[in-house]
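Student: I should like to understand how the descriptive terms applied to a structure follow from its values. May we work through some cases together?

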Amino acid sequence: MKMYRLEVLEEQLVATPLGRQIRDIFEEHVEEVMMLINHNRQVMVIWHRNLGPEFINHAVRSGMEKDFEVPREIKGIQLTTLLRRMAAVLQENGSPALARTIGNYSVLVLNWAQRCNSLHQVFDEIKKINAEFTPGTK
Amino acid sequence: MGWSRQERIEIHDRLVAMLDDVRKEIMAKYKGVKSVDVGLKETEGKLRQQFAFIIHVEEKKDPNALKPEETIPKEIRGVPTDVQVYRIYTIQVDTSAYSPLWGGIQIGGQGTGGGLGTLGCFVTLTGDTKVHLLTNHHVIIGMNGAVGNLVGHPDAPSVCCCCACGDIGKITAGQVGVVTPPVGTPNIVDAAIAILHGQNAGDDEETRFTNKIINIGPVFGSAAPIPGDIVRKRGRTTHFTEGTIDIINHSPTVNYGTEDNPIHITYVNQIRVKPNAPYPRFSAPGDSGSAIVNNLNQVVGLHFSGSGDLSIANRITQVIDRLGIAVMSSGTAGTIPLSAVEADALPHAHPVTFLARMEQQLQRTEKGKELIQVIRDNRHEVLDLINDNREVKVAWNRYQGPSFVGHLIKNAREPEHQIPRDINGYSFHNLLIKMSDVLERNGSRQLARTVEDYALAAFNFAEAYTGLDSLNNLLEQHAFCPNCGTLNKNSAYAR
């Protein structure tokens, strides 16, 4: 079982236009999202009720271990359901900029969550697209 | 309480299953009880979101003057009771005149003695395409008319030796409690139809019509009523009014005679409607024959009687059954064969028209039909939630739901019109994300499951949607699975 450090994956990610775009979006919003999860009651409840910590642990592990797969469902909650409900509560409670980002990129993220079983597979998808993602293009 | 429509149906059906036993028990035990229904409880003059056994009594007495065994309990088998005074209703016919051949206009029957009423809507006989108007029996036939007589607009036809002036059609069938049902048949409809002129060989003139009701718009077939439905009608006396159905199995007694010489007929399974503010009454004399429609412009009842602020209507399902007819629909392919506005030419500003055109597009493919079924299974509940549930209503409006729908409708009419990416800071995807959340939490279990299964597919469609014509292409090229919702390799981000 080969172990990957997340830093190695990050290097691969930012080698592509879409990867850099995602990194920029991540850096722009990560603090706000963490603050909402830790301090906003509505966001906190949705995150925990829909097993956010469990899914995030699996996702991180899937980045560390190439063959590890994130379960699609834990205790009756699907990963896409968690993401959809978090998108709703974050856009409701976050800044206008966060709401705009959620509106623009939620479809992309939800489709990855549906199609891919690990962070590795998500990164593979990103590497295949040799361009930035523009919301609304066919 | 904020019940969804599906929940109201389930609760109503449970109580109706108990009704026969409860009715027998109450009428045997308490004097002065005329009938028992299931409906919405009324307190302090307002309808509540609570079902009750509605007990109609000859006279409401002071409870302090009654012995305990004479007092109707506040609850029976765990269901609240609501004691109301029994009323005798009157038929509603009047003599004023107004506009051209739409639903909601004034008409009269030959030989009815001058009484006038309202043209409800347009129908066809089952298995046929010829167009008839639908109204009450007592409006165009009554005690002295007959099948075969003429119908006129705006007044009853004046028949002289050379012509029948103002006539628009000929009565082909009618049924009412006074005249037609065989002995032992319950009285359930007061309805009649007349075929419009111009559809048979030899007719001199063609009667033009449009499958719309004044102030209401295009009609889209029929549907079953349920207590709690918000309904509208257009009649020639009170014009446009709005009300709420509180009972659908009411047993009113209607006077078809006069005060001095009454002819009382008791009906069963009738709809009762109470007016919504700001309308003091839902109907008045002259509105007889009006079609009562729900929020989707589907006919649910045929108004025929009233008393004070209460209005009574036949269930349209029973009218359809008794007369062998179908209510015309502007949204279904293959209908409206005669002198009517084609579905594609209907005013596109009305959201119901957009849905009808979307349905027309989707009907052309198998996957489209599957999607139609999903929409049909859930649309009443979704619309009820948007209209009646505070959280859903606020979300829909805050996230610019009406504005996005307006742009979709305009895009359907003018394909070059671009649907904006965002409105007032909210994108269409923000709206879909929010609505999927509130509908899932506030709707029935079935709706929650549908949201879970189809939300991602809906988001993907919204991303790629360019207009009504693209709908079937989206289903074929960007095939979705209700369980995974992903686009196939043609999607934008699977290059």
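Tutor: The discussion below concerns a predicted model, and each term is set against its cut-off.

Student: Let us begin with chain A. What elements does chain A have, and in what order do they run?

Tutor: Chain A has seven helices and two strands. Read from the N terminus, their order is α-α-α-α-β-β-α-α-α. Of the 138 residues in chain A, 46% are buried. Where contacts in chain A link residues at least 6 apart in sequence, 69% of them join residues at least 24 apart.

Student: Why are α2(A) and α6(A) called oblique to each other?

Tutor: Helix α2 covers residues 17–39 of chain A and helix α6 covers residues 96–115 of chain A; their axes come within 11 Å and cross at roughly 120°. Angles of 65 to 115 degrees count as roughly perpendicular and those over 145 as roughly antiparallel. The angle of roughly 120° belongs to neither class, and α2(A) and α6(A) are therefore oblique to each other. Their crossing is left-handed.

Student: Which residues make this contact?

Tutor: From α2(A) come A:L18, A:Q21, A:I22, A:I25, A:E28, A:H29, A:E32, A:V33 and A:L36, and from α6(A) come A:A97, A:L98, A:T101, A:Y105 and A:W112. Sorted by class, the contact of α2(A) with α6(A) has nine nonpolar, three polar and two charged residues.

Student: How do you know whether A:G103 is buried or exposed?

Tutor: A residue under 20% relative accessible area is buried. A:G103 has a relative accessible area of 0%, so A:G103 is buried. A:G103 is found in helix α6 of chain A. Leaving out residues up to four places away in sequence, A:G103 touches B:S427, B:H429 and B:N430. A:G103 and A:Q91 are twelve residues apart in sequence, with their C-alpha atoms 8.2 Å apart in space.

Student: Turning to chain B, what makes the link between the side chains of B:S311 and B:S283 a polar contact?

Tutor: A polar contact requires N or O atoms within 3.5 Å, one able to donate a hydrogen and the other to accept it. The side chains of B:S311 and B:S283 make such a contact at 2.6 Å. B:S311 is found in strand β24, residues 310–315 of chain B. Because its relative accessibility is 1%, B:S311 counts as buried.

Student: Why does B:I292 count as buried?

Tutor: The cut-off for a buried residue is under 20%, and B:I292 has 1% relative accessibility, so B:I292 counts as buried. B:I292 is found in strand β22, residues 291–293 of chain B. Among the residues that B:I292 touches, not counting those up to four places away in sequence, are B:V231, B:F282 and B:A313. The C-alpha atoms of B:I292 and B:G120 are separated by 8.1 Å, with their positions 172 residues apart along the chain.

Student: What makes the phi of B:R77 and of B:N269 worth a remark?

Tutor: Most residues other than glycine have a negative phi. B:R77 is not a glycine, yet has a positive phi of about 50°. B:N269, likewise not a glycine, has a positive phi of about 55°. B:R77 lies in the loop between β3 and β4 of chain B, and B:N269 in the loop between β20 and β21 of chain B.

Student: Why are B:R77 and B:N269 called partly exposed?

Tutor: Partly exposed lies between under 20% and over 50%. B:R77 has 47% relative accessibility and so counts as partly exposed. B:N269, at 29%, therefore counts as partly exposed.

Methods: Residues numbered from 1 in each chain as written. Chains lettered and ligands numbered in written order. Predicted model: local features only at pLDDT ≥ 70, side-chain atom pairs only at ≥ 80, totals over all residues. Heavy atoms only, no water. Axes fitted to C-alpha atoms, helices over the stretch in contact; angles between N-to-C directions. Helix = DSSP H or I, 4+ residues; strand = E, 2+ residues; numbered from the N terminus. Parallel < 35°, antiparallel > 145°, perpendicular 65-115°, else oblique. Left-handed = near helix turned anticlockwise from the far one by under 90°. Contact = heavy atoms within 4.5 Å. Nonpolar A, V, L, I, M, F, W, Y, C, P; charged D, E, K, R; others polar. Buried < 20%, exposed > 50% of the residue type's maximum accessible area, 1.4 Å probe, protein only.
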